[in-house]
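Take a moment to turn the model around and get a feel for it. Then let us walk through a few of its parts together, beginning with one short helix.

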Amino acid sequence: MYWLSFKKKQEKQVTGLILPGGGARNAYQAGVLKAIADMLPEDTDNPFDVICGSSSGALNAVLLASSATRFREGVDRLWGIWANFHVGKVFKVDNWTAIKSAFGWGANFLLGGLIKSQPLSVLDNSPLRELLERHIRFARIQQAIDSGALRAVSVTASGYTSGLSVTFYQGINELVPWQRTRRTGQPTELTINHLMASSAIPVLFPAVKLRHEYYGDGSMRQTAPLSPALHMGANRLLIIGVRNPGQDAQPEDDRYVRYPSFGQISGYIFDTLFMDSLDADIERMRRINHTITETRSKRVEYKDTSLRQIDYLVISPSEDVREIVAKYVGNFPRSVRILLKGIGALAREGRPLMSYLMFDAPFCKELMELGYRDGLAAREQILHLLGHDELLGEQDQGQITAKVSGD
């Protein structure tokens, strides 16, 4: 499914790509990007001047940015990684590691933290670090920037001491750091530690020290996920979400409502962590766009910021990811199934949590195929946003005009 908003005003196009987090659900983004690569001519340059990611979306963002001089090749590499994923490439799943983790946390709770060596996290995600080190060449990011193939790439993480949402960005020299309430943008040379920090889901994965502070998952304090791309000059946004926008129905009879399990609560927390801020920021942008269209100058001055209308396109799963993951529960390693069963996550109510942790090739492939179909379904809107109207026919142009007029 997709939402769109395009303005009639002509200006220099700077396209930003927003890749929010979502754990294993981020395989969907690889599918949409593959569809985009296939609908563009083979010799097309990187269509995204600015690439922003947080949490596991940051992994997709940086891999794509490191391949910006060869966009199609980079998308193919991204597809290949997700198509060959399994849980063991993200965190250790052997029985000994599971027993050691369970014993460490149990002893820590029972002894009231008296043990000097306290556990850092439930899961050991060192395999993810090894995977990223093999597949991402960070030096190529600066090469892409110097060549003009990329304007900037950013990774967002949350500081545990400062309480700030920090966007670490690498880009052209003209970019200026920013400071807003509880969020800031800092220029840096991105490294593997920035990715590990941004994807460090609280409690599940260990925090990562950057400079003088420990950082965790970038989605935690990211109240304005679209903001980094705008600060780095983007005036058009392609946002690839990982949650079906449909609303769940409320129960009609409270006699059949069970008390939520820890697994269900955890899935609810993950939904809030990864999705709610993005949805709220998109809604805020829609209101600002509408307000600006009512002004004569088509701009609104606010403090030290000049608000302008932003073109955007949102693509999100047309099917419920929670229903898809139910088919692959048995693919979890035995140690992970025992853990999930213990917290009630293997029941229907625990499917949201399972969908974030199902780093398994068959599940990821189905999400990628769904993303590919959804991307092709939005072909006309994507090509228009990217400035490739020459690839559209007259019928396509008419469909876009009708949809934009009805937004």
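Keep in mind that this is a predicted model. A good place to begin is helix 6, where the exposed residues A139 and D146 sit on the face turned away from the buried side of the helix. Which residues of helix 6 are buried? They are I141, A144 and I145, within a helix that runs over residues 139-147. These three cover an arc of only 100 degrees around the axis, so they lie on the same side of helix 6.

What do the buried residues of helix 6 pack against? Their partners are helix 2 (56-65), strand 4 (152-159) and strand 5 (165-171). If you follow the chain onward, you meet G148 just after helix 6, and this residue has a positive phi of about 90 degrees.

**The chain as a whole**

Now zoom out. The chain holds 15 helices and 13 strands. It has 407 residues, and 51% of them count as buried. Its exposed area comes to about 19,500 Å², with 53% of that supplied by carbon and sulfur atoms. Consider also the contacts between residues at least 6 apart in sequence: 75% of these join residues at least 24 apart.

**Far along the chain, together in space**

Two leucines let you see such sequence separations for yourself. L357 lies in helix 12, which spans residues 351-357. L357 counts as buried because its relative accessible area is 8%, below the 20% cut-off. In sequence, L357 is 333 residues away from A24, yet the C-alpha atoms of the two are 5.7 Å apart.

The second leucine, L391, belongs to the loop between helix 14 (379-385) and helix 15 (394-405). Its relative accessible area is 27%, and L391 is therefore partly exposed. Along the chain, 352 residues separate L391 from M39, while 8.9 Å separates their C-alpha atoms. Which residues does L391 touch, leaving aside its neighbours within four places in sequence? The contacts are M39, L40, P41, R379 and L383.

**Empty space inside**

Next, look for hollows. Rolling a probe the size of a water molecule over the atoms shows where empty space is left. How many cavities of 30 Å³ or more does a search of the whole structure find? There are five. The table sets out the two largest.

| Cavity | Volume | Nonpolar lining residues | Polar lining residues | Charged lining residues |
|---|---|---|---|---|
| Largest cavity | about 180 Å³ | 13 nonpolar | five polar | no charged |
| Second largest cavity | about 70 Å³ | six nonpolar | five polar | no charged |

The largest cavity has a lining of 18 residues, and those nearest its centre are S56, L59, W82, F85 and L128. Helix 2, helix 3 (71-83) and helix 5 (126-135) each give at least two residues to this lining. Which element gives the largest share of the lining of the largest cavity? Helix 2 does, with four residues. You have met helix 2 before, as one of the elements that the buried residues of helix 6 pack against.

The second largest cavity is lined by residues that include I18, L19, P20, C52, G53 and S54, along with S154 and T156. Completing the lining are Q222, P225 and P228. The elements that contribute two or more residues here are strand 2 (15-19), strand 3 (50-54) and strand 4. Strand 3 has the largest share of the lining of the second largest cavity, with three residues. Strand 4 is another familiar name, since the buried residues of helix 6 pack against it as well.

**Two arginines in loops**

Finally, return to backbone angles. Most residues other than glycine have a negative phi. Against that background, two arginines are worth finding in the model. R182 is not a glycine, yet its phi is positive, at about 65 degrees. You will find R182 in the loop between strand 6 (178-180) and strand 7 (183-187). Is R182 buried or exposed? With a relative accessibility of 48%, R182 counts as partly exposed.

R211 also has a positive phi without being a glycine, with a value near 60 degrees. The loop that holds R211 runs between strand 8 (208-210) and strand 9 (213-216).

Technical notes
Residues are numbered from 1 along each chain as its sequence is written. This is a predicted model: local features need pLDDT of at least 70, side-chain atom pairs count only at pLDDT 80 or more; totals for chains, interfaces and linings use all residues. Side-chain values use heavy atoms; hydrogens and water are left out. Buried means under 20% relative accessible area, exposed over 50%, partly exposed in between (1.4 Å probe, protein chains only). The arc is that of the directions from the helix axis to the C-beta atoms. Contact means heavy atoms within 4.5 Å. On a 1 Å grid over the protein atoms alone, a cavity is a set of points where a 1.4 Å probe fits but cannot get out, and a pocket is an open set with protein on both sides within 12 Å along at least five of seven lines; lining residues have an atom within 4 Å of a point. Grid points are joined across faces, edges and corners, and a volume is the space filled by probe spheres set on the points. Ala, Val, Leu, Ile, Met, Phe, Trp, Tyr, Cys and Pro count as nonpolar, Asp, Glu, Lys and Arg as charged, and the others, Gly among them, as polar. Accessible areas come from the Shrake-Rupley method with a 1.4 Å probe; for residues, only the protein chains shown count as cover.
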